[in-house]
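Where does this protein hide its empty space, and which residues pack its interior? This report takes a brisk look at both.

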Amino acid sequence: MCARDPPRLRRARPSPQRTFVIGLATVLLGAVGSALAGNLVLLDLARIITGVGAAAIATGGTSIISHAYDGKRRAHAFALLGTIVGIGLAAGPTLSGLLVTALGWRGVFGVVAGVAALVLAAAAFRVLPAPSATSTGDAPRRGFLDLSPLRSPRFLAVALVPVAASFAYVSVLTYAPIALSAVHGQDAATAGLFRLPLTLPVLVGPLLTGALITRTRVSPHTIINTAIILLVTGDVLFLLLDPSLSPVLLVIPMILLGFGWGLPLGLVDGEALASVPAHSSAAAAGILNFLRLGSEALAVAVFGAALAAIIGAQLSNPTLGAEVAAGATGHAAVYASVFRMMMIACAVVTTVIGAAVILLRRASGTPTPNSAEDELPTAAESPTDSTPVL
């Protein structure tokens with residue numbers, strides 16, 4: 001009887017492949033629901049379903065890549081993942097606009113549903129790599145919510161990098177067109193094109209990182225430190241936003257911010273999953289994406305709310321302040337002054353998070369591994385639940 005007890009303590013865990021497929025099916029359901037929604041409430045519910053599915057795809061997908069590749073091929077795979085994310089970031093709004101013009105807003109969701117259906121069909125033909133022995137072998141029992149990766153200083157250090165980028169980069173990406181309109185009077189189309197220096201580096205940054213990691217002695221730690229420095233410098237150089245100065249000067253901080261965001265894309269995912277036991281990779285991917293997307297939403301919301309509140313206070317008119325914060329012209333100097341103030345605040349927050357990254361790396365007591373050379377620890381090498389994952 002005792003010999004049979006240990007198996008009862010094991011609990012089946014959904015594999016990354018299953019999580020990925022469930023995510024695809026959920027996105028398909030949400031996209032169809034969005035296309036057929038008859039009112040805003042139903043549309044919002046369908047979008048929530050789609051978001052849940054997208055989170056499952058991100059979690060399962062990164063875990064699949066981590067299990068399927070090792071060495072230089074793993075570094076190349078995560079570099080490609082970062083590039084694809086960059087393409088979505090750079091081309092997504094433009095492509096969506098074209099689809100809305102050609103097919104209407106319902107047609108956009110129809111395209112999403114079609115893509116999800118194609119990938120789901122491909123998954124049905126077993127194009128996904130099979131679960132590895134390290135991801136399905138013996139592992140400590142976990143509850144519904146596995147937070148064990150958070151006990152690893154090394155994992156936390158890597159996971160905080162996209163949080164820093166959210167405050168330093170995503171806020172600017174969101175509000176730069178409004179700033180260009182309010183301060184320099186640019187229309188939406190001109191401001192959108194002028195924002196390209198923010199997005200184009202995101203396309204080449206991950207590939208550049210992949211080449212540096214696999215072909216030189218540059219370490220992931222060096223890439224991450226460089227990215228944080230670029231983010232802080234880019235935020236500070238947004239002091240050049242002034243109605244008396246040419247907006248062309250803003251190209252410099254935009255490029256710096258673009259590379260600050262783009263260089264660690266993909267690399268962060270690979271390093272985060274490499275810092276935990278193989279059986280915890282899905283949990284690590286979920287936590288990483290939660291921190292990444294959650295911090296983006298928080299950064300954008302806080303930035304916008306603070307910007308409107310401070311402008312309203314300076315104009316002694318909250319209603320007018322909200323209009324100016326939304327891009328209304330006529331108060332360029334006030335908007336520019338407050339925007340510069342917000343950029344300094346973002347630089348300070350990014351610096352603090354960057355310092356935390358460094359301290360956590362030192363607390364881990366191990367050098368930052370090179371993704372091109374290191375492989376995931378196996379379940380047999382994994383520490384027990386009572387031991388921090390280092």
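What follows covers one covered helix, the cavities and the nonpolar cores.

The model is predicted.

**A covered helix**

Start with helix 12, residues 267-274. This helix is mostly covered: 8 of its 8 residues are buried. Leu267, Val268, Asp269 and Gly270 are buried. So are Glu271, Ala272, Leu273 and Ala274.

**Cavities**

Rolling a probe the size of a water molecule over the atoms shows where empty space is left. The count here comes to 3 cavities of 30 Å³ or more. The table sets out two of them.

| Cavity | Volume | Lining residues by class |
|---|---|---|
| Largest | about 90 Å³ | 8 nonpolar, 5 polar, 1 charged |
| Second largest | about 80 Å³ | 7 nonpolar, no polar, 1 charged |

Take the largest cavity. Its lining has 14 residues. Nearest its centre lie Ala75, Phe78, Ala79, Thr209 and Leu267. Leu267 is also one of the buried residues of helix 12. Three helices each supply at least two residues of this lining: helix 4 (71-103), helix 9 (196-215) and helix 12.

Now the second largest cavity. Val161, Pro162, Ala165, Trp261, Pro264, Leu265, Val268 and Arg292 line it. Helix 7, residues 153-184, gives the most to this lining, with 3 residues. Val268 of this lining is another buried residue of helix 12.

**Nonpolar cores**

In soluble globular proteins, nonpolar side chains tend to be buried together. The largest nonpolar core in this model has 38 residues. Tyr169, Phe238, Tyr335 and Phe339 have the most contacts inside it. Several elements give two or more residues to this core: helix 7, helix 8 (188-194), helix 9, helix 11 (251-262), helix 13 (281-315), helix 14 (318-325) and helix 15 (332-364). Helix 7 provides the largest share, 12 residues.

What does Phe238 touch, leaving aside residues up to four places away in sequence? Its contacts are Val172, Leu250, Pro253, Met254, Leu257, Phe339, Arg340 and Met343. Among these, Phe339 is itself one of the residues with the most contacts inside the core.

Another core, of 24 residues, lies apart from the largest one. Its members include Ala75, Ile213, Val268 and Ala347. Two of these names have come up before. Ala75 lies among the residues nearest the centre of the largest cavity. Val268 helps line the second largest cavity.

Technical notes. Residues are numbered from 1 along each chain as its sequence is written. This is a predicted model: local features need pLDDT of at least 70, side-chain atom pairs count only at pLDDT 80 or more; totals for chains, interfaces and linings use all residues. Side-chain values use heavy atoms; hydrogens and water are left out. Buried means under 20% relative accessible area, exposed over 50%, partly exposed in between (1.4 Å probe, protein chains only). Helices (H or I, at least four residues) and strands (E, at least two) are DSSP runs, numbered from the N terminus. On a 1 Å grid over the protein atoms alone, a cavity is a set of points where a 1.4 Å probe fits but cannot get out, and a pocket is an open set with protein on both sides within 12 Å along at least five of seven lines; lining residues have an atom within 4 Å of a point. Grid points are joined across faces, edges and corners, and a volume is the space filled by probe spheres set on the points. Ala, Val, Leu, Ile, Met, Phe, Trp, Tyr, Cys and Pro count as nonpolar, Asp, Glu, Lys and Arg as charged, and the others, Gly among them, as polar. A nonpolar core is a set of buried Ala, Val, Leu, Ile, Met, Phe, Trp, Tyr and Cys residues joined through side-chain atoms within 4.5 Å. Contact means heavy atoms within 4.5 Å.
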